[in-house]
Amino acid sequence: MAKLFVLDLETSISKGPHSGTFRDPSNDFYTLIYGTNPGAVVVEHKEEGFKRQWSQGAADLLNKSDIIIGHNAPFDLSYLWKTKELQDFIKKGGTTWDTQIAEYLMSGQRHAFASLAELQLLYLDQKVKESRISGLFKKKHGADEIIKAKDRCPRIFKLFDKYSKDDGETTFKIALKQIERAKRLG
C-alpha cells in the first residue's frame, strides 16, 4: 500500500500585484501542516517564515512517503518546488493526490475548483472551516500577521492553529474517501 503524506501551507498575503502567490518573492509560508495519517497531523508555525524550505520533521516523513495529498496542491507545492526534498521525492516516483482536482475529474468536470469547505460537507457531512479565520484571509490578513499577533490575540491564534490542523486532517480524510470512490469508478 502507498504511503500517504498530507501537506498544506498557510502563507503571507502581500498587498502587491501577485497577492498570495509564490510569484511574489516577498511571500512565504508561515505555517506548515503535514502528517502521514489523519490522527497524526503536525502543525508548525514560524514567525520568521520557513524561507520556502521543509522543516526537518516534514522532510523526514516526505522521504518515507509515496503520495503527497493536498487540496489545491499546485499552490502549496509551488512554494517548495525548488527544494531538494521535493525533487528527490519526484525522482523516486512520488506523485500527488489533489482533492480539488480529483473532485473535478470524478464529477465529470462539472465541479471545478471545489473549496475544501464544500468537500468537507460532501465527504464528511460536516463543515469544519472556521469562518473567522477565513474572514481574516479574505481581508488580506495572512498567516504571518496572525502568528505575529499571537500574544496580543491568543484566542485568534488558537482558532488559527485549530483551523490549520483541521485543514490537514480533513484533507487527508477526504482524499481517503475519494481514493475509494475512484477505485469504485475504475
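Which residue's side chain meets that of Lys-162 in a salt bridge? The partner is Asp-166, and the closest approach in this pair is 2.8 Å, N to O. The views below show this pair and several other sites in a predicted model.

**View 1. A salt bridge within helix 8 joins Lys-162 and Asp-166.** Both residues lie in helix 8, where they are four residues apart, about one turn of the helix. Asp-166 is buried, because its relative accessible area is 11%, and the buried class takes in values under 20%. This salt bridge is one of three that the structure holds, and the other two are taken up in the next two views.

**View 2. A salt bridge in helix 3 pairs Asp-88 with Lys-84.** The closest N and O atoms of Asp-88 and Lys-84 are 2.6 Å apart. Helix 3 covers residues 84–91, and because the two residues are four apart within this helix, about one helical turn separates them. Lys-84 counts as exposed at 59% relative accessibility, whereas Asp-88, at 31%, counts as partly exposed.

**View 3. Glu-103 and Arg-181 form a salt bridge between helix 4 and helix 8.** The closest N and O atoms in this pair are 3.4 Å apart. Distant parts of the chain are linked here, since Glu-103 belongs to helix 4 and Arg-181 to helix 8 (residues 154–185), with their positions 78 residues apart in the numbering. Glu-103 is buried, with a relative accessibility of 3%, while Arg-181 is partly exposed, with a relative accessible area of 22%. Side chains of opposite charge can pair when their charged atoms come close.

**View 4. Helix 4 packs against helix 5 in a left-handed crossing.** Helix 4 (residues 99–106) and helix 5 (residues 116–124) meet at an angle of about 60 degrees, and their axes are 11 Å apart. On the side of helix 4, the residues in this contact are Thr-99, Gln-100, Glu-103 and Met-106, and on the side of helix 5 they are Leu-119, Leu-122 and Tyr-123. Sorted by character, the residues of this contact comprise four nonpolar, two polar and one charged. Glu-103, which takes part in this packing, is also the residue that forms the salt bridge with Arg-181.

**View 5. His-71 sits in a loop and is in contact with residues from elsewhere in the sequence.** The loop that holds His-71 runs between strand 4 (67–70) and helix 2 (73–80), and His-71 counts as buried because its relative accessibility is 13%. Leaving aside neighbours within four places in sequence, the residues in contact with His-71 include Asp-76, Gln-100, Ala-114, Ser-115, Leu-119 and Thr-171. Asp-98 is another of these contacts, and although His-71 and Asp-98 are 27 residues apart in sequence, their C-alpha atoms are 5.2 Å apart in space. The side chain of His-71 also makes a polar contact of 2.7 Å with the side chain of Thr-99, and a polar atom of the His-71 side chain lies 3.2 Å from the backbone nitrogen of Leu-116.

**View 6. Asn-72 and Lys-140 are two loop residues with positive phi values.** Asn-72 is placed in the loop between strand 4 and helix 2, and its phi is near 60 degrees, a positive value in a residue other than glycine. At 32% relative accessibility, Asn-72 counts as partly exposed. Lys-140 lies in the loop between helix 6 (131–138) and helix 7 (143–148), where its phi is near 70 degrees. With a relative accessible area of 36%, Lys-140 is partly exposed.

**View 7. Helix 2 is largely enclosed by the rest of the structure.** This description holds because six of the eight residues of helix 2 are buried, namely Ala-73, Asp-76, Leu-77, Ser-78, Tyr-79 and Leu-80. Among the elements that cover these buried residues are strand 1, strand 2, strand 4, helix 3 and strand 5 (95–98).

**View 8. A polar contact joins the side chains of Ser-12 and Asn-27.** The distance in this contact is 3.2 Å. Ser-12 is found in the loop between strand 1 (4–11) and strand 2 (29–35), and Ser-12 counts as buried, with a relative accessibility of 3%.

Conventions: Residues are numbered from 1 along each chain as its sequence is written. This is a predicted model: local features need pLDDT of at least 70, side-chain atom pairs count only at pLDDT 80 or more; totals for chains, interfaces and linings use all residues. Side-chain values use heavy atoms; hydrogens and water are left out. Buried means under 20% relative accessible area, exposed over 50%, partly exposed in between (1.4 Å probe, protein chains only). Contact means heavy atoms within 4.5 Å. A polar contact is a pair of N or O atoms within 3.5 Å; within protein, one must be able to donate a hydrogen and the other to accept it, and residues adjacent in sequence count only if both atoms are side-chain atoms. Axes are lines fitted to C-alpha atoms, for helices over the stretch in contact, and angles run from 0 to 180 degrees between N-to-C directions. A crossing is left-handed if the near helix is turned anticlockwise from the far one by less than a right angle, and right-handed if clockwise. Ala, Val, Leu, Ile, Met, Phe, Trp, Tyr, Cys and Pro count as nonpolar, Asp, Glu, Lys and Arg as charged, and the others, Gly among them, as polar. A salt bridge is a side-chain nitrogen of Lys or Arg within 4 Å of a carboxyl oxygen of Asp or Glu.
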